Amino acid sequence: MKITLPLALAGIMTTGWAIQAHAEGYITLASTTSTENSGLFDTILPLFEQATDIEVRVVAVGTGQAFEIARRGDADSLLVHDTAGEKAFVENGYATERADVMVNDFVLIGPASDPAGIADAQSAAEAFADIAEAELPFASRGDDSGTHRAELRLWENADVTPEGDWYRELGSGMGPALNTAAAMDAYVMSDRATWVAFENPQNLTLLFEGDDVLFNQYGSLLLSEARHPHLKHDLAKQWHQWLLSEDGQQAIANFEVGGQQLFFPNAQ
Amino acid sequence: MPQETNVFFVALSLLLSGDAALMSIVALSLKVSLIAVLASAMLGFPLGAAVALWRFPGRGAVVVALNALMGLPPVVAGLCVYLLLSRAGPLGEWGLLFTPTAMVIAQVVLVLPILAALSRQKVEELLGEYREQFVSLGMSRLRMMPTLLWDARFALLTVLLAGFGRASAEVGAVMMVGGNIDGVTRVMTTAIVLETSKGNLPLALGLGIVLLTLVMLINAAAYVIGEMARRRMG
């Protein structure tokens with residue numbers, strides 16, 4: 001016992017350092033939960049790693065937090081979905097370049113009985129107005145994520161100030177928000193990727209989709225070398241360019257869940 | 001990963017499958033928490049004993065602070081370590097954020113107060129028993145420290161397990177400073193959060209049972225070692 005314990009500890013220590021020593025050619029990518037939770041990265045990252053020998057380590061958080069991580073210089077690259085925020089990020093000098101990578105769309109989810117009748121709505125604005133008018137429970141992300149920011153714009157579109165008992169700000173990620181909405185039979189807006197890959201829908205179903213305002217653009221950003229010289233800009237640039245390349249765009253198009261394509265490449 | 005709704009079946013097949021990804025997550029969980037607990041013990045036990053032995057101004061405040069920090073919310077510890085290790089923070093140069101080392105540091109912040117506060121109490125109790133003997137032997141406080149720690153070892157083993165429980169169970173701190181990166185900083189608790197957020201509740205609960213089993217095994221091992229040692233020493 002006296003010998004084995006230190007030995008075991010030594011083993012634990014050395015494997016610990018081994019993990020870190022292995023990490024030469026890698027970048028840290030701050031991205032959103034929708035890309036991670038849907039399984040997109042599991043499909044496209046191995047292809048990128050094969051092509052370039054660069055490992056991509058994904059920190060999947062809300063878009064607001066992803067911006068913050070990049071702002072502090074803790075990530076080499078950024079892939080998020082808040083075009084207005086991304087452009088401001090470039091203007092403020094944190095990033096030097098932003099490019100469209102792919103789109104998917106937001107969908108409105110709700111209880112199958114659809115008490116607000118949003119399935120018949122002609123537009124997203126009408127659907128949102130219906131929910132507000134009926135004052136039926138709506139679960140909002142409330143976490144300053146890309147989806148939350150888009151949702152707030154859609155309420156504005158519908159001329160509704162979302163407040164009251166029915167409007168529940170959860171302050172959580174997309175998956176937890178769907179879990180909560182399922183538990184309280186609430187309406188909720190989700191990106192399509194997370195919804196399709198979600199495995200605990202209970203009574204929830206997709207009720208409204210297809211309006212152009214529900215378009216969800218993802219962008220890749222090259223972070224500023226001047227502001228954060230310590231970042232792995234060369235490797236990050238290869239990642240950025242691969243995403244926009246024919247190979248990267250094809251890899252995104254090939255990703256499917258249950259036979260359904262979830263992200264549509266649209267790099268120019 | 002299995003698509004099953006019976007969580008016990010999921011847990012069992014997870015355990016039996018020897019799935020490489022799961023094994024590396026389990027190994028990292030154990031590694032991070034064990035190193036954190038050992039580092040905390042090396043700092044915390046002497047610290048606790050010192051506070052028990054020496055009388056100095058502000059000692060009461062130190063005792064209260066150590067006791068209060070036992071309840072430090074993991075997410076606060078995580079946030080502090082995050083700000084410390086972030087590139088924009090004072091130790092940013094080290095580039096430790098989103099590494100297992102950062103997770104160890106965060107867990108040390110959580111575990112150290114528990115080990116220090118509880119060992120302070122145990123040592124103080126023992127000191128009450130031993131004081132007269134120590135005085136008659138004319139021992140210095142510095143010499144008392146190892147004696148007291150050694151004689152309190154069985155109680156301290158339990159303290160160590162409490163610290164390990166805290167480390168292996170928390171998710172807020174390791175999520176924040178580790179980033180839950182697949183294959184690099186993903187541990188049992190952050191994997192459970194991830195699977196829950198995907199709505200894969202059976203797998204999440206299955207992972208929870210695996211974690212619980214591990215913690216149980218470690219506690220059982222500690223119990224057996226403690227009993228064996230106790231018997232041998234009489």
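## A walk through chains B and A

B:Phe98 is buried, since 26 other C-beta atoms lie within 10 Å of its own, where 20 or more are enough for a residue to count as buried. The model is a predicted one, and this residue is a convenient place to enter it. B:Phe98 sits in the loop that joins helix H4 (74-85) to helix H5 (100-137) of chain B, and its phi is near 65°, a positive value in a residue other than glycine. Most residues other than glycine have a negative phi.

From that loop the view can be widened to the whole of chain B, which has 10 helices and 0 strands, so that, by the assignment of helices and strands used here, its elements run α-α-α-α-α-α-α-α-α-α from the N terminus on. Taken along the principal axes, the C-alpha atoms of chain B fill a box of roughly 70 × 50 × 25 Å. Of the 234 residues in this chain, 43% are buried, and among its contacts between residues at least 6 apart in sequence, 78% join residues that are at least 24 apart.

The UniProt record, an unreviewed entry, places the feature "domain: ABC transmembrane type-1" at residues 26-222 of chain B. Over these residues the model is 79% helix and 0% strand, and the C-alpha atoms at the two ends of the span are 19 Å apart. For "transmembrane region", the unreviewed UniProt entry lists residues 7-28, 34-54, 61-85, 97-118, 148-167 and 203-225 of chain B. Two of these listed spans can be set beside the coordinates: residues 7-28 of chain B are 91% helix and 0% strand, with end C-alpha atoms 23 Å apart, while residues 61-85 of chain B are 84% helix and 0% strand, with end C-alpha atoms that lie 28 Å apart.

Helix H2 (20-53) of chain B can be checked by a simple piece of reasoning about its length. At 1.5 Å a residue, the 34 residues of H2(B) should span 50 Å, and because its end C-alpha atoms are 49 Å apart, the model agrees with that expectation. H2(B) nevertheless has a kink of about 30°, which is centred on B:Ala41.

H2(B) also leads to the other chain. The contact between the chains takes 21 residues from chain B and 26 residues from chain A. On the side of chain B that touches chain A, the elements that give two or more residues are helix H2 (20-53), helix H9 (188-197) and helix H10 (201-233), and the largest share, 3 residues, comes from H2(B). Sorted by class, this side of chain B has 10 nonpolar, 7 polar and 4 charged residues.

In chain A, the unreviewed UniProt entry lists residues 28-246 for "domain: PBP". Over these residues chain A is 41% helix and 26% strand, and the end C-alpha atoms are 23 Å apart. A place to begin among its strands is E1 (residues 26-32), which is mostly covered, with 6 of its 7 residues buried. E1(A) pairs in the parallel sense with strand E2 (residues 55-61) over 7 bridges, and it pairs, again in the parallel sense, with strand E3 (residues 77-80) over 3 bridges. A:Leu29 shows both pairings at a single residue, for it stands opposite A:Val58 in E2(A) and opposite A:Ser77 in E3(A).

Further along chain A, helix H7 (residues 146-157) has 12 residues and reaches 17 Å from its first C-alpha to its last, close to the 16 Å expected at 1.5 Å a residue. The buried residues of H7(A) include A:Gly146, A:Thr147, A:His148, A:Arg149, A:Ala150 and A:Glu151, and also A:Leu154 and A:Trp155. Just after H7(A), A:Asp159 takes a positive phi of about 60°.

Another positive phi in chain A belongs to A:Glu135, where the value is near 50° in a residue other than glycine. A:Glu135 is found in the loop between helix H6 (124-134) and strand E5 (138-140) of chain A. Is A:Glu135 buried or exposed? A:Glu135 counts as exposed, because it has 12 C-beta neighbours inside 10 Å, and 12 or fewer is the cut-off for that class. The two loop residues can thus be read side by side: B:Phe98 has a positive phi and is buried, whereas A:Glu135 has a positive phi and is exposed.

Methods:
Residues are numbered from 1 along each chain as its sequence is written. Chains are lettered from A and ligands numbered from 1 in the order in which they are written. This is a predicted model: local features need pLDDT of at least 70, side-chain atom pairs count only at pLDDT 80 or more; totals for chains, interfaces and linings use all residues. Helices (H or I, at least four residues) and strands (E, at least two) are DSSP runs, numbered from the N terminus. Two strands pair if DSSP finds at least two bridges between them. UniProt positions are given in the numbering used here, feature names are shortened, and annotations may be inferred rather than shown by experiment. Two residues are in contact if their C-beta atoms, placed from the backbone, lie within 7 Å. Ala, Val, Leu, Ile, Met, Phe, Trp, Tyr, Cys and Pro count as nonpolar, Asp, Glu, Lys and Arg as charged, and the others, Gly among them, as polar. The expected span of a helix is 1.5 Å times one less than its number of residues. The bend at a residue is the angle between axes fitted to the seven residues ending there and the seven starting there.
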